[in-house]
Amino acid sequence: MGISPTIADTIECFHGTRIGAAARSLVSLVFAGALAACSIHPTQEDVTRVPTKHIVDRIRCEARLAIVDKAIDLLRQKAEAWERDAALPENMRSAAKFRKDAQRLRDIADALVPRRRGPVFFRPEILPPGEPISFYNRYINTVIAYDFMFNITEDNKVAAAADPLRAITGGVVGGGLSGSSELTRNNVRTFKLSDTFGELLDNRDLDCASDYLPGNYVYPITGSIGLRDIVHNFIDLNEDRPLVAAASGASAFADALEFTTEVIGTAAPHVQIDPVGNRLGLGSPTGFTLMAQRKDIHKVTIGLATGTAGHASSFIGPRGLLVPVQPVAGESASAAGNRARAFRAIEDQRFNTFLDRAGALFR
């Protein structure tokens with residue numbers, strides 16, 4: 001693949017909603033105005049045809065791509081900086097080493113490019129000593145946590161109105177009849193998961209064959225949700241000035257994403273029943289109104305935390321309860337602490353959002 005052997009050896013209703021017959025016979029004065037065969041358990045898959053696990057895997061793939069792309073950018077930036085340092089008169093004695101290390105970083109970045117969509121097994125020993133290895137150790141146990149909520153409400157209504165007596169009597173006698181039916185279903189699905197940067201890079205079960213998905217403006221959760229920007233901002237801000245979350249010295253960052261998709265459809269066909277026989281008279285209009293409405297609210301709160309100091313085993317959850325973080329087999333104290341702090345950042349973000357909305361009510 002054009003990679004030097006040393007480096008190559010170390011890097012590896014509506015759609016989904018059906019409306020049945022509202023009436024079998026209006027003339028017989030029987031209105032069966034019920035919506036049939038609607039979703040009993042509405043899910044996002046009814047509309048998108050994308051299972052929940054696939055959505056989650058796509059988001060995790062987007063996070064992995066963001067991590068690899070940031071690593072490639074930083075390796076090349078550092079190589080350029082060392083090339084500039086090599087040209088300075090005061091670094092004349094170290095110029096050869098600066099250039100050698102700069103080329104090493106460029107080789108590593110070039111090796112990552114064709115492998116950025118798949119699992120990456122990275123050995124830090126191939127990095128030049130000093131700052132590159134320190135940076136690797138600083139972020140490899142960074143945890144990215146996800147808190148998902150899918151809130152889906154589906155409404156289906158049918159109304160029918162007719163005046164069959166006007167049809168029978170030729171307009172001499174009238175008697176209006178009407179009927180309606182309304183069905184509402186709601187499903188709220190919540191779950192949490194997390195990965196360290198190292199786990200994402202080495203995960204061989206994620207199918208990340210494609211690059212960043214395009215944004216889906218109709219149903220955003222099925223497209224790119226902007227994790228490249230989130231991951232890059234977290235690292236850039238933390239490198240500029242550490243993002244301190246607690247006395248432990250760990251850095252944390254959170255982003256709350258909320259997408260709402262609402263679809264409304266109506267149909268109002270009219271049936272004209274002609275008068276019986278040859279008598280003159282007004283026809284009897286018969287009308288149906290069919291309405292289906294679906295509202296999907298998807299929330300994804302992203303928490304990131306990094307740091308080597310301290311060991312956290314829990315985070316403050318809803319209602320102020322201390323929630324333990326499930327241990328991961330073979331996990332280091334640093335990764336376990338970051339996992340707890342990433343979820344804590346999510347809860348802090350949720351609490352701050354609640355305070356902002358509550359404050360807006362009383363302004």
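This report describes the disulfide, the aromatic pairs and the salt bridges of the structure shown above.

The model is a predicted one, in which local features need pLDDT of at least 70 and side-chain atom pairs count only at pLDDT 80 or more, while totals for chains, interfaces and linings use all residues. Residues are numbered from 1 along each chain as its sequence is written, and side-chain values use heavy atoms, with hydrogens and water left out.

**The disulfide**

A disulfide is a covalent bond between the sulfur atoms of two cysteines. Counting a disulfide as a pair of cysteine sulfur atoms within 2.5 Å, a search of the whole structure finds 1 disulfide. The two partners are cysteine 61 and cysteine 208, whose sulfur atoms lie 1.9 Å apart. This pair links distant parts of the chain, 147 residues apart, with cysteine 61 in helix α3 (residues 52-86) and cysteine 208 in the loop between α7 (197-202) and α8 (227-240). Helices (H or I, at least four residues) and strands (E, at least two) are DSSP runs, numbered from the N terminus. The link of cysteine 61 and cysteine 208 is left-handed, with -80 degrees about the S-S bond.

Accessibility is described here in three classes: buried means under 20% relative accessible area, exposed means over 50%, and partly exposed lies in between (1.4 Å probe, protein chains only). Cysteine 61 counts as buried because its relative accessibility is 9%, and cysteine 208 counts as buried at 5%.

**Aromatic pairs**

Rings of Phe, Tyr and Trp (its six-membered ring) pair if their centres lie within 6.5 Å, and planes under 30 degrees apart count as stacked, over 60 as edge-to-face and the rest as tilted. By this rule the count comes to 8 aromatic pairs. One of them is the tilted pair of phenylalanine 135 and tyrosine 139, at 4.7 Å centre to centre and with 40 degrees between the planes. Both residues lie in helix α5 (residues 131-139), 4 residues apart, which is about one turn of the helix. Phenylalanine 135 is partly exposed, with a relative accessible area of 22%, whereas tyrosine 139 counts as buried at 3%.

An edge-to-face pair is formed by phenylalanine 150 and phenylalanine 191, at 6.1 Å centre to centre and with 85 degrees between the planes. Phenylalanine 150 lies in strand β1 (residues 143-162) and phenylalanine 191 in strand β2 (residues 177-196), so this pair ties together parts that are 41 residues apart in sequence. Phe135, Tyr139, Phe234 and Phe253 form one aromatic cluster.

**Salt bridges**

With a salt bridge taken as a side-chain nitrogen of Lys or Arg within 4 Å of a carboxyl oxygen of Asp or Glu, a search of the whole structure finds 21 salt bridges. The table gives examples.

| Acidic partner | Basic partner | N to O distance |
|---|---|---|
| aspartate 69 | arginine 116 | 2.8 Å |
| aspartate 110 | arginine 76 | 3.1 Å |
| aspartate 211 | arginine 117 | 3.6 Å |

The pair of aspartate 211 and arginine 117 links distant parts of the chain, 94 residues apart, with aspartate 211 in the loop between α7 and α8 and arginine 117 in the loop between α4 and α5. Aspartate 211 is partly exposed, with a relative accessible area of 28%, and arginine 117 counts as partly exposed at 39%. Salt bridges that share partners join Asp69, Arg116, Arg117, Asp211 and Arg228 into one network. Within that network, aspartate 69 and arginine 116 are buried.
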